[in-house]
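Q: Please take a close look at one part of this model. Start from a single residue and work outward from there.

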Amino acid sequence: MPEAGGRERPKPAWRHLRRHRRATLGAALLLLVVASAAGAGALAPRDPLAQEVLARLEPPGWSDGEGWTAWLGTDHLGRDILSRLIYGGRVSLLISLVSVAGSLGLGFVLGLAAGFYGGPTEALIMRLTDLQLAFPFILLALAIVALLGPSLPNIVVVFTVTSWPIYARVVRASVLSVAGLDFVAAARALGRRETGVLLRHIAPNTVAPLLVIAFFEIARMIITEAALGFLGLGVQPPTATWGNMLADGRDYIRDAWWLSAFPGLAIMVTAAGVNLLGDGLRDWLDPREAG
Amino acid sequence: MVGLTRREVLGLLSGAAGAAALGVPRRARAQKSVETLKVAISGDPGNLHPWMLNGMPMFSTFWPTVYESVLWHDEKMNLVGNLAERWEVTGSDIKLHLKPGVSYHNGKPFEADSVKYAVEQITAPTSKALWKSMIAAVHKTTIHDKHTITLHMDKPFRSVLMNLVTIAMIEPGHAQAAGERIGVQPVGTGPYKFVEYVPGSHLIVERHEGYYGPKPKIARIQFRWIPENGTRLAALESGEVQFINNVPPDQLARVEGNERLKLLSTSTARIIYMGIRTDRKPFDDKRVRQAINFAVDNEAIARTILRGKAQAATTPIAPMILGGDAKLPDYNYDPAKARALLKAAGAEGATVNMGSSNGRYIMDRQVAEAVQGYLQKVGLKVNLETPEWATYIGEVVKGDKAKYDMHLLGWGVITMEPDYQARDHYHSANTKRWTGYVNKELDKAIDEAVLIMDRAKAREAYHKIFATVWDEAPWLFLHYQPELIGVDRRMTGFAPLPDEWLRFPTIDLPA
Amino acid sequence: MPVRYIVRRSLHSLLLLLGVSLVVFLLLHVVPGDPATVLLGEQATPERVAEIRRALGLDRPLAEQYWRFVSRAVRGDFGQSIRAMRPVLPYVLERLPATVELSVGALLVSAGLGIPLGVLAAVRRRSVWDRLSLNLALLAQSAPNFWVGLLLIALFSVKLGLLPVSGRGGFAHLVLPSLTLAIFFVGLVVRLTRSGMLEVLSQDYVRTAWAKGMPERRVVFRHALKNALIPIVTVLGLQVGTLLGGAVVTETVFAWPGMGLLAVQAISQRDYPVVQAIVLLLGAAFVAINWLVDVSYTLLDPRIQHA
């Protein structure tokens, strides 16, 4: 954690990135994934939902002789895996990013309130985090999905509702450590308004650890979305998500391996990229642990 | 000799005599069978109560090893006697003549009071029995003597006779003492008796030495639950188990191409279909429903997704059922005709809210996705949902308030009795929760047909009923579900049958 | 005064448990699908569903049902499983050993693989070992573990025939499931160990020990590792939730008869009493651990005042 007052100024980000290959690699991987997700319309050779029941389970490189080559093969309904992979990345990334943003926002506000106001507010919020953490994720996921329906926004709700506690706790701890510091007491003594103090001095100091956690959470959510799809609780077919594709391919691991291999690798690559970038971010903020 | 019938004693003596005559020691003639047969099933029953179960993997696995009913099916699906040697139907009475000399696993004799007990328990107003509707029409029983009992109904329901196959006999004394714990302490009359059940893990049964009929060759059977398809198949391939059910259609080659294994399959009496709510626009128009049937290439689905192991539906009910063998006009794949019909009905580009289960029937979700694809090809807009089972079935049975315009289900006529499907799905008293289909004349026909005991006449009546249903198309008719079993190649004495009951006691597997 | 704090904390814990029981009860009853319909399946007619709901006591007002649930739960009576028709508590607890076995196996694998690798990486910083450990850890934390589990079965059980495919049994049966569950945590432990060790190794007292000529081994194991372990244990404690969640998926893949699989099955069958019991038991364990931690902090250092 950065120490009060005499904190080392972090190097400019781009310089740090350039000198640290792992973080650069992470950024590059992530850029690749995000770019292909954004440019899905242009990149994907086919409609990810277009079925060709007579062309099911064709291996990578198969061609129908009429201009369509399934570079990554076709799935059990004859849909182009490459196209589904690209569009699926879009959905999986969207879910993770929006969920992290949502849970971070919610956790930030609640953690800030808990740390700053203390007393019964803090008690209530902390007990809420306990309640949330004590409740098994699968049950909540199933309940929310069963209740609201298995659509993309609802999956985001599931993740947001179950993930905010970690941010709240970190923010609160951060607030507690900073709020007792000299410069904050000084600001208060000078008569600055409470909320002003909160926003200008305390809040910025909590951001750093939050961002690091947020990055790792993105990775975790990509994998958890896959697990939900595996258990049948994710976004509905025929929408392609990496989790859905993995679930679709689970029976075919030994024969039509391409159904699950590519989404599995995509998840790994994306999560690894996010983790690397998260590492880089943390190293930038606290160089002692750099590798 | 105590406990053996005269026939068995004779058999023993002649066998021994024959062996002595040949000078061959008896033991050398019998080939040694494997001690324990290891079976992996896709679903855990959770509860071994034979009157309470539901779901294909659940009742059809261990049920016929431990329990028996008064009547049964032979390999041709004819109704034959089991614990009842013979029966007579007089008016609306069924008289059962029970087999003497049968005893339960706990030694108590099987007699008419068992049948009475079963009937009364199942039909009681507070009964939680799943099969209550099967024999609900029986309002009284009369015991004539230890081995004769008559079931009294209001009217001569042929269906009740056929439905008796589903009523397992439980020893009354034990049932009363155990109450609901029967679910963990089964006592029946079957060739195997219960040893141990660890929910979620395994179930073990062992040969009942006091069984009145032919004794199974295999001393013990161990059932395990492996819900994950890949894992279950792997268990068979590695030799950890010698029998699995629900081989996924896309992995059939792993069994057929493996020289240690073989695939056993049959078409079952379970039809996979999509019910269409006929009480909503535009599905209230017969042309739209027929268009749906023309738009979907169920033959291609059966050939590709079900790998040719399923038969595309040619009648509303599986052909081996009474009345299911009518020759009906084909709903061949004709997207042009579908479009024309939709246009004529003014339903072009209509929206369809479709629902399907996910994993309850073989390839159910994939079939639904394929149907969605076909309907989209003729211009319909299809929203498909495949929630988990409890949510799905809960939504479907909301009936006219259900959000699905079309829902995928399977209906297994395990009793081989057409009324089971006709009444539940086409009689307006019951269609509210499925398709909302109302046809008063059809109702009358169904009500009359169930009272016809003569099979030839009944067949004609059902031909007419199913022809009407086929034409009216309250369903998208898909296919009859296959039963796909993977076993050790050396296994003999087993064949999957259309009523979905797996008959383990006749299996032999050399050690 | 610690006593006042402990009392207050205990009250909070009880309220928390009550909150958990209320939330799970409401969720179950509000979510679509009910046990009677699931029990009857395709045979569900409105009349039969109503009959069975009555028999199960599900037609009583919600408040009454909740009161019955809570008042019996405090006495250890969690009712009867709707599906299995036997008392819930023994039915659930019977699955506990399997889950514990799996979790302990996973923790042992994580520690057994992760700590040595992490120490190696820290001590040989910037060497090829460091790179390798970090990269492996990264991949481990990025992989969807059920996919890896299925791959492991395909390789070790079917292709090589070395290990059993599924189910619980002897040691051999535990290998693949523990490995699968541990994947994410191995990566986590490697990184935590490494960073913890690096932190401690850079401390003055360690440098002093080195300068004084103490052999590297002693420095590393005696001093550094012990201190580095504290944050590892803390973080792993927080990850218990993830462990249990991962256990559900692992138990599904390997047909491991643990509580995770039971929970998923009970949820999908809407077996209310079983779900309620599992959630309450897990919640109680979680609350108890938290209580223990908070109270021991206070007893150890009365200056710390938590809300």
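A: Arg270(C) sits in the loop that links α13 and α14 of chain C. The model is predicted, so every value here is computed from predicted coordinates. Phi of Arg270(C) is positive, about 55°, and the residue is not a glycine. Is Arg270(C) buried or exposed? It counts as buried, because 26 C-beta neighbours fall inside 10 Å and the cut-off is 20 or more.

Step back one loop. Ala255(C) lies between α12 and α13 of chain C. Its phi is near 50°, again a positive value in a residue other than glycine. Ala255(C) has 24 C-beta neighbours inside 10 Å, so it counts as buried.

Now take the helices around these loops. α12 (240-254), α13 (259-268) and α14 (272-300) of chain C each supply at least two residues to the side of chain C that touches chain A. α1 (2-30), α7 (128-142), α8 (145-159) and α9 (171-201) of chain C do so as well. That contact takes 43 residues from chain C and 38 residues from chain A. On the chain C side, the residues divide into 30 nonpolar, eleven polar and two charged.

What does the partner look like? Chain A has eleven helices and two strands. Along its sequence the pattern is α-α-α-β-β-α-α-α-α-α-α-α-α. Of the 291 residues in chain A, 51% are buried. Take the contacts in chain A between residues at least 6 apart in sequence: 69% of them join residues at least 24 apart.

Chain C also meets chain B. Here 39 residues of chain C are in contact with 39 residues of chain B. α8, α12 and α13 of chain C each give at least two residues to this side too, as do α2 (35-40) and α3 (46-56). By class, the chain C residues that touch chain B are 20 nonpolar, twelve polar and seven charged. So α12 and α13, on either side of the loop of Ala255(C), supply residues to the side facing chain A and to the side facing chain B.

Next, the core. Nonpolar side chains tend to be buried together in soluble globular proteins. The largest nonpolar core in this model has 329 residues. Those with the most contacts inside it include Ala263(C), Val275(C) and Ile278(C) from chain C. Val367(B), Leu375(B) and Leu476(B) are the ones from chain B. α9(C) gives the most to this core, with 15 residues. The core draws at least three residues from each of domain 1 (3-93) and domain 2 (96-257) of chain C. The C-alpha centres of these two domains lie 38 Å apart.

Follow the core into chain B through Leu476(B). Its contacts, leaving out residues up to four places away in sequence, are Tyr273(B), Met274(B), Ile276(B), Ile292(B), Asn293(B), Val296(B), Val371(B) and Met406(B). Ile276(B) turns up again as a contact of Thr435(B). Beyond its neighbours within four places in sequence, Thr435(B) also touches Gly275(B), Arg277(B), Thr278(B) and Pro474(B). Thr435(B) lies in the loop between α15 (418-426) and α16 (440-449) of chain B. It is buried, because 24 other C-beta atoms lie within 10 Å and 20 are enough. Its C-alpha atom is 32 Å from that of Asn47(B), 388 residues away along the chain.

One more loop in chain B deserves a look. Pro282(B) lies between β12 (261-276) and α10 (286-295) of chain B. The peptide bond joining Lys281(B) and Pro282(B) is cis, with omega about -10°.

Last, a helix of chain B. α4 (residues 112-123) has twelve residues and reaches 17 Å from its first C-alpha to its last, close to the 16 Å expected. Its buried residues are Ala112(B), Ser114(B), Val115(B), Ala118(B) and Ile122(B). They cover an arc of only 160° around the axis, so they lie on the same side of α4(B). An α-helix has 3.6 residues a turn, so residues three or four places apart point the same way. Among the elements that cover the buried residues of α4(B) are β5 (93-98), α5 (132-135), β6 (138-145), β7 (148-153) and α7 (172-178) of chain B.

Methods
Residues are numbered from 1 along each chain as its sequence is written. Chains are lettered from A and ligands numbered from 1 in the order in which they are written. This is a predicted model: local features need pLDDT of at least 70, side-chain atom pairs count only at pLDDT 80 or more; totals for chains, interfaces and linings use all residues. Helices (H or I, at least four residues) and strands (E, at least two) are DSSP runs, numbered from the N terminus. A residue is buried if 20 or more other C-beta atoms lie within 10 Å of its own, exposed if 12 or fewer, and partly exposed in between; C-beta atoms are placed from the backbone. Two residues are in contact if their C-beta atoms, placed from the backbone, lie within 7 Å. Ala, Val, Leu, Ile, Met, Phe, Trp, Tyr, Cys and Pro count as nonpolar, Asp, Glu, Lys and Arg as charged, and the others, Gly among them, as polar. A nonpolar core is a set of buried Ala, Val, Leu, Ile, Met, Phe, Trp, Tyr and Cys residues joined through C-beta atoms within 7 Å. Domain bounds come from an automatic or database domain assignment. The expected span of a helix is 1.5 Å times one less than its number of residues. The arc is that of the directions from the helix axis to the C-beta atoms.
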